[in-house]
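Student: I would like to go through this structure with you and ask, for each term we use, what justifies it.

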Amino acid sequence: MKIVLFDAHRYDRDSFTAANRDRAHVLAFLEARLTAATAPLCAGHEVVCAFVNDHLDAEVLTGVQRAGIRLVALRSAGFNHVDLAAAARLGLPVVRVPEYSPFAVAEHAVALVLTLVRKIHRAHARVREGNFSLDGLVGFDLHGKTVGLIGTGKIGRVAATIFAGFGCTVLAYDKFPTPNPALSYVSLEELYARADLISLHVPLTPATHHLIDAAAIERMKPGVILINTGRGALIDTRAMIGALKRGRLGGAALDVYEEEEGIFFEDLSGQVLQDDVLARLLTFPNVIITSHQAFLTREALAAIAETTLASVTAFERGAPLAHQVHV
Ligand code: NAI
């Protein structure tokens, strides 16, 4: 089938081209993000392949359908950026990649934690400048600390195993707990009260939007460290900044940001950053930010391309769509 990929980077081109080697799909890679203005670029294609910062609202979906698209293939696990009701009304099936490498994301969360608590980001910059002093670099052991995981799906469960391996006590909260020897389920209240580090692994839904707001932070242990590799809007960023300024939060390790669309994945190094909230976050010595790269491993990219193209092949053959997302 003819597939157009929006927001496509070199690594997407490489992984999709490799996965398509034994298939006969025709791939077009566009750097542009999918918007109402770029939707007409779908003309001549049957499948549109979008990523997390392509905003597939009713207007965009109408545009792609008018351009001839018959299938929306998300090369992400999250689908909070798609108006599923509108897609259903337009008769557009939506498929996603429910699992590609939970290890990629969980390991990135742990990499962020270690970087932050051992101040590796600051040490690296210092040493490169010829400054070999240790003042200000005192960290703490993860061993013996209590980690609170909110969300124990595929990624949260891998994170639990890794943190347990460090000798942490792992507390967990999930709407649908699944028994696991590496963790103990507790109420959200108890998790907030006991955790030294809190890591978010729930999807973004109306129920989890700003789950971590000013009131939630007040219920946490003073000095707690927040880790977010889920979705930016799980945290009320302004409330987090206020708590960081007061020293109420001990630090934040973030791979996602609620206003990341249009910023993350772009090289803006030659421009003046227009987002004042992100700019403030970047000034804290105890905040570390990566631009939504937790998924970015060779293994994950290969799995994303493989699952996406398998879904397209199934659609072409009229076979059931195993990874279809329903309203
Ligand atoms: P999953 O679907 O396996 O697990 C999600 C868990 O959250 C489930 O156990 C579910 O019961 C729980 N949950 C849902 N709503 C809840 C609520 N209101 N309160 C408490 N628990 C709730 O998902 P997976 O694969 O573990 O991914 C988690 C999230 O990580 C994704 O939804 C996505 O937003 C994010 N993600 C981020 C990536 C990155 O590159 N930074 C890459 C992949 C996923």
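Tutor: We will take a pair of helices, then the cavities, then the largest pocket, bearing in mind that the model is predicted.

Student: Why is H4 called oblique to H6?

Tutor: The axes of H4, residues 102-117, and H6, residues 154-165, come within 8 Å and cross at roughly 50 degrees. Angles under 35 degrees count as roughly parallel and those from 65 to 115 as roughly perpendicular, and because a crossing of roughly 50 degrees falls in neither range, H4 is oblique to H6. As for its hand, the crossing in which H4 passes H6 is right-handed.

Student: Which residues of H4 and H6 meet, and what makes up their contact by class?

Tutor: From H4, Pro102, Phe103, Val105, Ala106, Glu107, Val110 and Val113 meet Lys154, Ile155, Val158, Ala159, Ile162 and Phe163 of H6, with heavy atoms within 4.5 Å counting as contact. By class, this contact of H4 with H6 has 11 nonpolar, no polar and two charged residues. Glu and Lys count as charged, so Glu107 in H4 and Lys154 in H6 are the two charged residues.

Student: How many cavities of 30 Å³ or more does a search of the whole structure find, and which residues line the largest cavity?

Tutor: The search finds two cavities of that volume or more, and about 70 Å³ of space lies in the largest cavity. Its lining consists of His9, Tyr11, Asp12, Ser15, Phe16, Phe51, Arg75, Phe295, Leu301, Ile304 and Ala305. The elements that give two or more residues to this lining are helix H1 (10-19) and helix H11 (298-317), and the largest share, four residues, comes from H1.

Student: Which residues account for the two polar and two charged members of the lining of the largest cavity?

Tutor: That lining divides into seven nonpolar, two polar and two charged residues. Asp and Arg count as charged, so the charged pair is Asp12 and Arg75.

Student: What volume has the second largest cavity, and what lines it?

Tutor: The second largest cavity has a volume of about 40 Å³, and among the residues lining it are Asn228, Met240, Tyr257 and Glu258. Its lining divides into five nonpolar, three polar and one charged, and since Glu counts as charged, the charged residue is Glu258.

Student: What can be said of the largest pocket?

Tutor: About 1100 Å³ of space lies in the largest pocket, which is lined by 44 residues, with Gly78, His201, Val202, Pro203 and Leu204 lying nearest its centre. H4 and H6 are the elements that give two or more residues to this lining.

How values were computed: Residues are numbered from 1 along each chain as its sequence is written. This is a predicted model: local features need pLDDT of at least 70, side-chain atom pairs count only at pLDDT 80 or more; totals for chains, interfaces and linings use all residues. Side-chain values use heavy atoms; hydrogens and water are left out. Axes are lines fitted to C-alpha atoms, for helices over the stretch in contact, and angles run from 0 to 180 degrees between N-to-C directions. Angles under 35 degrees count as roughly parallel, over 145 as roughly antiparallel, 65 to 115 as roughly perpendicular and the rest as oblique. A crossing is left-handed if the near helix is turned anticlockwise from the far one by less than a right angle, and right-handed if clockwise. On a 1 Å grid over the protein atoms alone, a cavity is a set of points where a 1.4 Å probe fits but cannot get out, and a pocket is an open set with protein on both sides within 12 Å along at least five of seven lines; lining residues have an atom within 4 Å of a point. Grid points are joined across faces, edges and corners, and a volume is the space filled by probe spheres set on the points.
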